[in-house]
Amino acid sequence: MTNGEIRYSVREEEMRGAFIGNIAKDFGLDNQRLKSGRAHIYTEGGTEYVELNVNKGILIVKNRIDREQICGKIAPCLLHFQIVLENPMEFHRVTIEVIDINDNNPTFTKKNIQLKISESSLAGALFSLPNAVDSDIGENTVKSYILASNDHFKLKIQAQSDGRSSVDLLLEMSLDREKQEEHVLLLTAVDGGEPQRSGTTEINIIVVDANDNAPVFTERVYKAAVREDSLIGTVLIKVNATDADKDMNGQITYFFAHVTDNSNDLFEINPESGEIKLIGQLDYESAKMYEMKVEAKDIGDLIGSSKLIIEVNDVNDNVPFINLMSVSNQIREDSLPGTVIAMINVQDKDSGRNGKVSCWINNNIPFKLKSSINNFYNLETEGYLDREKVSQYNITIVAKDEGEPSLSATLSVTLQIIDVNDNAPEFANQRYKTYIMENNSPGSSFFSVRANDEDSGLNSKISYFIGESSVNNFSVSSFVSVNSDEGVLYAVRSFDYELLSHFQISVTAKDRGSPPLSSSVIIDVYVQDQNDNSPEILYPVLNKGSQIAEFIPRSADVGYLITKVVAVDKDSGQNAWLSYKVIKSTDQTLFEMGLHNGELRSLRQIMEKDSAKQRLTILVEDSGQPSHSATVNVNVAITDSFAMAFTEFNDFTYEKSSDGDLRFYLVICLVIVSFLFITFIIILISLKFHKWRRLKYFSDNSNGTLPVIPYYPPRYAEVGATGTLCHVYNYEVCLTTDSGKSEFKYVKPMLQTPMDNDSNGAKTKNPSSSDLIADEEIMQVARKG
């Protein structure tokens, strides 16, 4: 945005670093804002003469400022630039007027001017002199001319329409070539500056003889207009002058006089015809008008003059230029409408309609160009952004002038939309249904959910969690867990359909944005039944360990309902479909069993030969895979009276009781035999262990723990008071671990000299053969022991 404009002034040729103005104070900005906003100067091209000191908030001179080089004759001389700040974007217009100082002397294009004046020239005749040029302006430019004192000439100064002065030499007294053929005059140009400066040129006047008529132009001022795109060689205008003299004195030559700019490079005049042609390329933006003096000279060097004004017409030959003063290539998708993205300056060097530029951007995008001041625009957001719909915009800026034909320029700005966590994870469905087989392995996966987050980066990374709830007063986390990264559901325990057939869990998907967003989904988990329960028979039931007997009269008809076996299966569906059949019976032809209803009916008429006591074994089997079954024994008594039926019932009970007693005794015998066998095994192990420990004890003592049995033969006697024996014999008792028999191992003493010293210094004698015999006897006694 634009916050204002301020104007300063500075004298040209100020030293580098000279103070110009306090930007921070004048715009109400603090130094911290200048630093954080990366304040900088934006110019529309050319040399940067001014520098911004961000630390102090002041403008200082950066490069040498030469007003004449920058602006030439244009007054006032203004430097325009902008102070641009970012975050938020804003800029301030600054204009600096360069004050002219009198640093240039007036100069003439020629140091020596030669004029030929006929002696017949009358008093009052004017002769054109070149103007002095001073690059300064205003009071510092040329203000007056001074001609050195003489008897014949004085100066005549006339103001022109362009503000400059026309200097002519006025003849006051007729010349006489015979008296003085040449006159030398000094012309001085003085400016009005302080201090005053001046420049001089020498005028050399040669007096010529007798040609008393000067050429005269038909127009005092000639005007011509030309397009700036005119081709070289185009004839612009033809000037014409006449001379009253005849013959040779009437022949005229045309030329440009005292041209001070680059007109000689652009125009030429035919010296004979006076046609003026274009010899260079015009540029309206460089110069809009050319003013020159055309002179006509006859053979006698008499001169007539006229003014030529050539106006250059503008042509639309400059394409508009789009300059990005500041631009951001990224923007958050939650930016509000009106957020400034870029600051743009549009320029067209043409003038009028050719330089009038319209600027716009491509349609169907949430952005707009807002004009701040002339040729300055802000690129702003016009609506709300959504990265999930459009993550990048290529904004094309078009600048088009109103010339004929119009010219245009385009500039593309690529804008990345930075993601904001504004989308919660979404599941494909709001509710899911899944199945898991009972008796599953704990830790096995049975379902997976997947959520999608339209955001990007960390904002789209999703973690999954089980919502806290209870199933049968237990936390759902004790039933199911979820992989936080993949959303795979795992069974924590093995399920039992008969205890839990259905439960619900809530899975939450949460992204990793800041702040995080989440959504949940309900999953119905159905436990599928397996055939893991055998049928349970409810009827007939045992009465005190015995089954109840059923009764049928002998007169019963075929299909008589004797009883009905009732069974249930805790499983469901096909696993709970039960079938009934007789697998064993006293008489296979007498009864039949309903396959699906469990009804036991008579298959034929009861005959006298049929036994009064019938026993049937009935199998109840489910339809699962693999199937499970249960059996029940049914006792049927065939009788016509209740008393007889009761007797038959007691017989059944007695048989059952007898069978029970026999079974009891068999069990008692089995227990006694088992106890005796176990006792025998324990005793045997104890004996073996005791024997092993004894053998281990002797084996350990064979390594030096058993005492050495010394033997002292009768002839051994103590010597002296020390009690030291004359001969020492050592014996070692060894027990071999494999044989279990003890034996003495004789260790022979070391054979030294006939008299060896023992450890105490006593001398010993080597054993003789009789001693060895005695040793053998001792060993035999030890073996017998």
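# Briefing: strand content, Asp 401, ring pairs and salt bridges

Tyr 393 counts as buried, because its relative accessibility is 11% and the cut-off for burial is under 20%. The model that holds this residue is predicted. Its chain has 785 residues, of which 40% count as buried. The chain contains five helices and 59 strands. Among contacts with a separation of 6 or more, 66% are between residues 24 or more positions apart.

**Aromatic pairs**

- The count of aromatic pairs comes to 13.
- In one of them, Phe 367 and Tyr 393 have ring centres 5.0 Å apart and planes at 80°, so the pair is edge-to-face.
- This pair joins distant parts of the chain: Phe 367 belongs to strand β28 (residues 367-371) and Tyr 393 to strand β30, with their positions 26 residues apart in the numbering.
- Phe 367 counts as buried because its relative accessibility is 3%.
- A cluster linked by ring pairs is made up of Phe 217, Tyr 222 and Tyr 254.

**Charges over rings**

- Arg 493 places its charged end over the ring of Phe 479, at 4.3 Å from the ring centre.
- Over the face of Phe 465 lies Lys 510, 5.7 Å from the centre of that ring.

**Asp 401**

- Strand β30 covers residues 392-401, and Asp 401 is found in it.
- Asp 401 is buried but has no salt bridge.
- The nearest side chain of opposite charge to Asp 401 is that of Lys 400, 7.6 Å away; a salt bridge would need a nitrogen and a carboxyl oxygen within 4 Å.
- The side chain of Asp 401 does reach backbone nitrogens: that of Leu 407 is at 2.8 Å, and that of Gly 403 lies 3.3 Å from a polar atom of the Asp 401 side chain.
- Leaving aside residues up to four places away in sequence, Asp 401 touches Asn 316, Asn 318, Pro 320, Asp 348, Asn 354, Lys 356, Val 357, Ser 406 and Leu 407.

**Salt bridges**

- The count of salt bridges comes to 21.
- Asp 524 and Arg 431 meet through their side chains in a salt bridge, with an N to O distance of 2.8 Å.
- Asp 524 lies in strand β42 (residues 518-528) and Arg 431 in strand β33 (residues 431-437), so this salt bridge ties together parts that are 93 residues apart in sequence.
- The two partners are not equally accessible: Asp 524 counts as buried because its relative accessibility is 7%, whereas Arg 431 counts as partly exposed at 46%.
- Between Asp 229 and Arg 227 there is another salt bridge, with the closest N and O atoms 3.0 Å apart.
- Asp 229 is partly exposed at 36% relative accessibility, and Arg 227 is partly exposed as well, with a relative accessible area of 45%.
- Asp 610 pairs with Arg 604 in a salt bridge whose closest N and O atoms are 3.0 Å apart; both of these residues are buried.
- Glu 13, Arg 64 and Asp 66 are joined into one network by salt bridges that share partners.

Key:
Residues numbered from 1 in each chain as written. Predicted model: local features only at pLDDT ≥ 70, side-chain atom pairs only at ≥ 80, totals over all residues. Heavy atoms only, no water. Helix = DSSP H or I, 4+ residues; strand = E, 2+ residues; numbered from the N terminus. Buried < 20%, exposed > 50% of the residue type's maximum accessible area, 1.4 Å probe, protein only. Lys, Arg positive; Asp, Glu negative; His and termini not counted. Polar contact = N/O pair within 3.5 Å; in protein donor to acceptor, adjacent residues only side chain to side chain. Contact = heavy atoms within 4.5 Å. Phe/Tyr/Trp six-rings, centres within 6.5 Å; stacked < 30°, edge-to-face > 60°. Lys NZ or Arg CZ within 6 Å of the ring centre and 35° of its normal.
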